[in-house]
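Biologist: I'd like to learn how to read a protein assembly with DNA in it. Could you take me through it?

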There are 2 protein chains.
Amino acid sequence: MSQTEGAEKPGTRAEMREETERLILDAAERVFADSGFGGATMQAIAEACALPKANLHYYFSSKEKLYRQVVERIFTVWLEAADSFETSASPEVALRRYITRKMQLSREYRHGSKVWANEVMHGAPIIQDYLEITLRDWTESRVAVIRRWVDAGDIQPVDPRWLLYMIWATTQHYADFAHQIETLNNGPMSDAQWQEATGTVCAIILRGIGLDAGDAVAET
Amino acid sequence: MSQTEGAEKPGTRAEMREETERLILDAAERVFADSGFGGATMQAIAEACALPKANLHYYFSSKEKLYRQVVERIFTVWLEAADSFETSASPEVALRRYITRKMQLSREYRHGSKVWANEVMHGAPIIQDYLEITLRDWTESRVAVIRRWVDAGDIQPVDPRWLLYMIWATTQHYADFAHQIETLNNGPMSDAQWQEATGTVCAIILRGIGLDAGDAVAET
DNA sequence: AAAAACCTTGACTGGTTGGTCAGGTCTGTT
DNA sequence: AACAGACCTGACCAACCAGTCAAGGTTTTT
């Protein structure tokens, strides 16, 4: 996300504000992921970004507002990432790319995924509107694509929704249950393990819907 | 779980105690699932089971003790349910049974699954010992079974762990993300939908590891 | 029937939390 | 240099929380 950030020059007023807001959001994301909305305290977030608590309230009027921004930010990343889904021609390539990208995101945005999972698990009290509008639209368009594949006989007949849920579940599991996986793994997953897991997920799902999984596990 | 419970007769002292404890545990499970550990309040749990707050502290000395019991109870159900895994001869039957059972549990113990997910997602601060001992042992024994299948050429070569994670993720998703699914579904899943989803999950995973998924989707 | 053990509960408390605010500092402009 | 507006923060507060407790009720035992 951040590309050039070695020695932070002062920058303009607006730039500094943005930077501070991002600093707070990053800290908040970590704390919310670790403790949930109710368990997280503004004090903890303040300490996580080495700012006085009152300062957070200067940038974000309330805990709930701050939380909402964190969730919104993640949601945006999710959606953008998932765009690679539609740009591909064949089901094989589209699905393989989508799954691979989602596995990447699980690794890179572990905290974000957790916050999202938390929010949805608790009934999406804060971002229900996102579920009902943005996510619904997005889902419907992907469902239509998959349905076309089914109708054309490209893949085995499945209700597209069960397939999508399966992809979401499997990939996000590696972020949301990272702690469990790491406990069973005696430590964080290595690069090779990530690659192997990604390959296995791709292979099982592709083969599972009647596509040739091939041996191209290492392909990106 | 409870088989004879129409008109509750007074029962013995111990029976009544047990019943009250279960009442509290059920309420706590719901509230913890809805709000997380930090977000849940003893007052809310008390209201959910129509008991004065002080009463909860008579049966469970602290909020954390109560929470631990809730998590332990779910964990036990998980493990017992998963026993059907080893008692079957062929991979097809074993996996189909296991997945089907796990889908059932996602439907019946939605709250429990959420509490477990929450706990693990936050780094298992309270039940880390369970992860490190009980779950690890259980997992290793199942991994051994799957590895034998692979070695015998019964299924495609996969690291058993990625397969297990995939099954856990996919099935538990229907409990943990029930709210999201129901939003996209415009309401709770029907019996037929549950059956279809279960069939699809079975089919994709079985076919995905090189087994004949057959048309036996409706079989139990 | 009386004693003992167990259960129930309203009222209370010490500590913590989200949020406020007045007064201060820094930065750019005139 | 003087002014304005954005930024920062220590100290504070009302609300709320987990947990306590003493007093009263109920059941079982003696």
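**Reading the DNA surface and the chain interface**

Modeller: Gladly, and let's begin at the DNA: the residues of the surface near DNA strand D comprise seven nonpolar, four polar and five charged. Here Ala, Val, Leu, Ile, Met, Phe, Trp, Tyr, Cys and Pro count as nonpolar, Asp, Glu, Lys and Arg as charged, and the others, Gly among them, as polar. This is a predicted model, where local features need pLDDT of at least 70, side-chain atom pairs count only at pLDDT 80 or more, and totals for chains, interfaces and linings use all residues. Residues are numbered from 1 along each chain as its sequence is written, chains are lettered from A and ligands numbered from 1 in the order in which they are written, and side-chain values use heavy atoms, with hydrogens and water left out.

Biologist: Which residues are the closest to DNA strand D?

Modeller: A residue is near a strand if one of its heavy atoms lies within 4 Å of it. By that rule 16 residues surround DNA strand D, and the closest are A:Arg17, A:Tyr58, A:Tyr59, B:Lys53 and B:Lys63. α3(A) gives the largest share of this surface, four residues; helices are DSSP runs (H or I, at least four residues), numbered from the N terminus.

Biologist: What part of the strand do they face, sugar or phosphate, or bases?

Modeller: Of the strand D atoms within 4 Å of the protein, 67% belong to sugar or phosphate and the rest to bases. A polar side-chain atom of A:Arg17 lies 2.7 Å from a phosphate oxygen of DNA strand D, and one of A:Asn55 lies 2.9 Å from a phosphate oxygen of that strand. B:Ala40 uses a backbone N or O atom, 3.3 Å from a phosphate oxygen of DNA strand D.

Biologist: How many residues does each chain bring to the contact between chain B and chain A?

Modeller: Contact means heavy atoms within 4.5 Å, and 57 residues come from chain B and 57 residues from chain A. About 4,800 Å² is buried between the two chains, with carbon and sulfur atoms giving 64%. Buried area is the accessible area (1.4 Å probe) that two parts lose on being put together, summed over both.

Biologist: And how are the copies related?

Modeller: Two copies of a chain are related by a rotation about an axis and a shift along it. Here a turn of 180° and a shift of 0.0 Å along the axis lay chain B on chain A with an RMSD of 0.1 Å, superposed by least squares on the C-alpha atoms of residues with pLDDT of at least 70 in both. That is the relation of a two-fold axis.

Technical notes. A polar contact is a pair of N or O atoms within 3.5 Å; within protein, one must be able to donate a hydrogen and the other to accept it, and residues adjacent in sequence count only if both atoms are side-chain atoms. Helices (H or I, at least four residues) and strands (E, at least two) are DSSP runs, numbered from the N terminus.
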